[in-house]
Amino acid sequence: MTDLDQVSVDEIDTTKPHSARMYDYFLQGKDNYEADQVAAEKAKKAFPTAEIAARANRQFMHRTTRWLATEAGIRQFLDIGTGIPTRPNLHQVAQEVAPDSRVVYADNDPIVLRHAEALMRSTPEGRTAYIQADVKDPASILAADELHETLDLTRPVALSVNALLHFVPDEFQPYDIISRLLEPLVPGSYLVLSHLTYDFDRETIEGLVESYGRGGIPTLGRSWDETMRFFEGLDLVEPGLVSTQRWRPSGEPLPGATDEAVSVYGAVARKP
């Protein structure tokens, strides 16, 4: 029996692919449906290194979270666009370093809601919570009781928005969304963000974007300059905005993870 056997399909449209479930498929997870698998395989035809890119992004999340908890002393995290739980989750990485870390997750996929119990298995010293919300409505996230019951907004928070905003077209004002989410966070807070880009292999990524679009998932890449706009007014942490596999690499390199194969920028920045 898979985890999906525990999920009520009444709340889930299994006939249409979902970006979170496709990402789960790229990571060789089991929480996806046939529509997700078909769409993911079509995406892989356009972008054969999609699985490498997904793994590189996941490792970027691990390294940035570990750096924030170890080097920056951050003990509070707000992770938006959480996706289906894949161990280790952000709270497990943070709480391994600092058991008292507090983490709030937010996502809009009903399957993630069904897995929220796994996301909330905290250390005794820390705490985790889950908000069912859409990043396109930042006010609903900021007003959520779960956020205010878990995080102390008078202390620094790391806002994590990984591999999400390339699903937010300009018409939804993604730059304003990030500004709105950062606004209540105190100086010393951080933004962690990764984003698909056309810069290294435009033809391939345009094919990927078209493939997602045919599946009903609006997607776009953004250039280095366009991605940098999300960090306006913030102080970038070295090495700045780079391909995710190049952000403070550690351990064995991910095989095949070239800039073209990954085609995702990532950075960490501090709110002054």
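**Helix H1 and the largest pocket**

With a relative accessibility of 3%, Arg21 falls under the 20% limit and therefore counts as buried. The model analysed here is predicted. Arg21 belongs to helix H1, which covers residues 19–26. Beyond its neighbours within four places in sequence, Arg21 is in contact with Ile12, Asp13, Lys16, Asp31, Asn32, Tyr33, Asp36, Ile84, Asp109 and Ile111.

The burial of Arg21 is shared by other residues of H1, namely Ser19, Ala20, Met22, Asp24 and Phe26. Because 6 of its 8 residues are buried, H1 is largely enclosed by the rest of the structure. Its buried residues pack against helix H2 (34–46), H3, helix H5 (110–114) and helix H10 (202–214). Just after H1, Gln28 adopts a positive phi of about 65°.

Helix H3 (residues 50–70) comprises 21 residues, for which a rise of 1.5 Å a residue predicts a span of 30 Å; the end C-alpha atoms are 30 Å apart, in agreement with that expectation. H3 is also mostly covered, with 15 of its 21 residues buried.

The largest pocket encloses about 910 Å³ of space. Its lining consists of 43 residues, of which Ser19, Ala20, Ala163, Leu164 and Phe167 are the closest to the pocket centre. Two or more lining residues are given by each of H1, H3, strand S1 (76–80), strand S2 (102–107), strand S4 (158–162) and H10. H3 supplies the largest share, 6 residues. By class, the lining is made up of 25 nonpolar, 13 polar and 5 charged residues. Ser19 and Ala20, listed among the residues closest to the pocket centre, are also buried residues of H1.

Notes: Residues numbered from 1 in each chain as written. Predicted model: local features only at pLDDT ≥ 70, side-chain atom pairs only at ≥ 80, totals over all residues. Heavy atoms only, no water. Helix = DSSP H or I, 4+ residues; strand = E, 2+ residues; numbered from the N terminus. Buried < 20%, exposed > 50% of the residue type's maximum accessible area, 1.4 Å probe, protein only. Contact = heavy atoms within 4.5 Å. Expected span 1.5 Å × (residues − 1). 1 Å grid on protein atoms, 1.4 Å probe; cavity = no way out; pocket = protein on both sides within 12 Å on 5 of 7 lines; lining within 4 Å. Points joined across faces, edges and corners; volume = space filled by probe spheres on them. Nonpolar A, V, L, I, M, F, W, Y, C, P; charged D, E, K, R; others polar.
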